[in-house]
Amino acid sequence: MKKRLIAVIVAISLILVSLGVFLVVRHVRNNRPPELSAIRERVIALIDASHEVNEVFWGEGLATYPRVYKEYYARVPFYLVKQGDGYVFSATTADDKLYYYTFTDETVGDILAYQYCLKTGDGEYVDVEKGGALTIADKIKYRYAKKTDAPVEGAEPIFSRNDSYYYALPDYAEKEAEFYYTESDQEYYDYVRNDAAYLTTADIKAKAEKVYAEEFLSSVYESIFTGITVSESSSGTLYARYIDYKDAEGNGYLMKSNLWKPAEVGRVYLFDTMRMSEERRSKRTDVYIDIDTYVPGDEANVTTVTVSLTLQDGGWFLNSATY
């Protein structure tokens, strides 16, 4: 009886050992990583596409409008009196009044901008400088003249006074910035250009999620789109790099932090050197690939980068940054 019990125990042990070996073998077999040749083209495509995402996230980022504020020049009244069919300048207060302002153009010099359209008592609009009828559209327009401290040989000033001479600039136009900031705009954020490739944070995320895995992006999105506060001090806050913003009229804009210091994200991958990593073990859902790389301008300094990929929703995505 005792021998029979021992035999049963031995038999069961053998069965369990065999089952264990079978399960281990099956697990190992089912957990084998794909062949490099099977994912090689996908790896190349992902790395190539990641360069743009890296630039947006950590590099120079999306282009913004320069921080230019529209300068207002004080309007100064000048007076006119009717003389014959035209008008002449009056040194004293008169009923007919227009406005001028002055500013300096770095290229041209001192400029006088002056109104020339006057509304008469009859409700008509006339050109006080050249004569003739105008329209209400001309009432807010200005003409320009260059101011000099001495006469210009061969030229006739349109006006002179107190040893200052003003010469017409018929083709002059004030320089206008593409975009003007206001004092109410956020101090630490600049407006992303309207012709940028991405105009909302959702646009950026959609691009990133075609390249990088959700697992990786979950560790990145907080700093890029939310911001991180580690202390109450002024230096204890890392502002989000990009935010969506709506102005008082409900117009939406993408804004980029002007506090971030861009990183060098350029890196060239030598895909012919691609091989499975020997230091990090790949498996069915996670693959580690070593590739030789260099930074542009430092081609002699070739270093090996281990690229991590993970299987997500049936497709491979980068699970580590590639810059």
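In this predicted model, Arg 193 is buried, with a relative accessible area of 17%. The residue falls in this class because buried means under 20% relative accessible area. The side chain of Arg 193 meets that of Asp 195 in a salt bridge, with 3.0 Å from N to O. Asp 195 itself counts as exposed, at 56% relative accessibility. The bridge thus joins a residue that is buried to one that is exposed.

This pair belongs to a wider set, as the count of salt bridges comes to 12. Another of them is formed by Arg 67 and Asp 190, whose closest N and O atoms are 2.5 Å apart. The two residues link distant parts of the chain: Arg 67 sits in the loop between H2 and strand S1 (76-83), Asp 190 in strand S11 (residues 189-191), and 123 residues separate them. Here the arginine is partly exposed, with a relative accessible area of 29%, whereas Asp 190 counts as buried at 12% relative accessibility.

A further salt bridge connects Arg 40 with Asp 272, with 3.8 Å between the closest N and O atoms. Arg 40 belongs to helix H2 (residues 36-57) and Asp 272 to strand S16, so this pair ties together parts that are 232 residues apart in sequence. Asp 272 is exposed, with a relative accessible area of 74%, while Arg 40 is partly exposed, at 25%. Salt bridges also link Asp 127, Glu 129 and Arg 143 in a network.

Turning to the chain as a whole, the secondary structure comes to five helices and 19 strands. The chain has 323 residues, of which 36% count as buried. Its accessible surface comes to about 20,700 Å², and 52% of this belongs to carbon and sulfur atoms. Among contacts in the chain with a separation of 6 or more, 55% are accounted for by residues 24 or more positions apart.

Many of the strands can be followed through their pairing. An open sheet of seven strands has the order S2-S1-S3-S4-S8-S10-S9, and its pairing is antiparallel. Strand S2 (86-90) and strand S9 (159-161) stand at the edges with a single partner strand each, so one side of each is left without a neighbour in the sheet. On average, neighbouring strands of this sheet are turned by 35° against each other, direction ignored. Within the sheet, S1 and strand S3 (residues 96-105) pair in the antiparallel sense over five bridges. Tyr 79 gives a place to look, as this residue stands opposite Lys 97 in S3. When viewing such strands, it helps to recall that in a regular strand the side chains alternate between the two faces of the sheet.

Another open sheet, of three strands, has the order S5-S6-S7, again with antiparallel pairing. The edge strands are strand S5 (117-119) and strand S7 (133-134), each of which pairs on one side only. S5 and strand S6 (residues 125-127) pair over three bridges in the antiparallel sense, and the bridge partner of Leu 118 in S6 is Val 126.

Asp 190, already met as a salt-bridge partner of Arg 67, also takes part in strand pairing. S11 and S15 pair in the antiparallel sense over three bridges, and in S15 the bridge partner of Asp 190 is Lys 256. S15 is also paired with strand S14 (residues 242-246), in the antiparallel sense and over five bridges. Here Tyr 245 has Tyr 253 in S15 as its bridge partner. S14 and S15 form a hairpin with five residues between them, and Gly 250 in the turn has a positive phi of about 85°.

The stretch after S15 leads to the surface. Leu 259 lies in the loop between strand S15 (252-257) and strand S16 (268-276), and this leucine counts as partly exposed because its relative accessibility is 44%. Together with Tyr 188 and Tyr 239, Leu 259 forms a nonpolar patch on the surface, and the three residues share about 250 Å² of accessible area.

Key: Residues numbered from 1 in each chain as written. Predicted model: local features only at pLDDT ≥ 70, side-chain atom pairs only at ≥ 80, totals over all residues. Heavy atoms only, no water. Patch = residues over 30% accessible without salt bridge, like charges linked within 9 Å, V, L, I, M, F, W, Y side chains within 5 Å. Areas by Shrake-Rupley, 256 points an atom, 1.4 Å probe, with all protein chains shown as cover. Salt bridge = Lys/Arg side-chain N within 4 Å of Asp/Glu carboxyl O. Helix = DSSP H or I, 4+ residues; strand = E, 2+ residues; numbered from the N terminus. Buried < 20%, exposed > 50% of the residue type's maximum accessible area, 1.4 Å probe, protein only. Pairing = 2+ DSSP bridges. Axes fitted to C-alpha atoms, helices over the stretch in contact; angles between N-to-C directions. Contact = heavy atoms within 4.5 Å.
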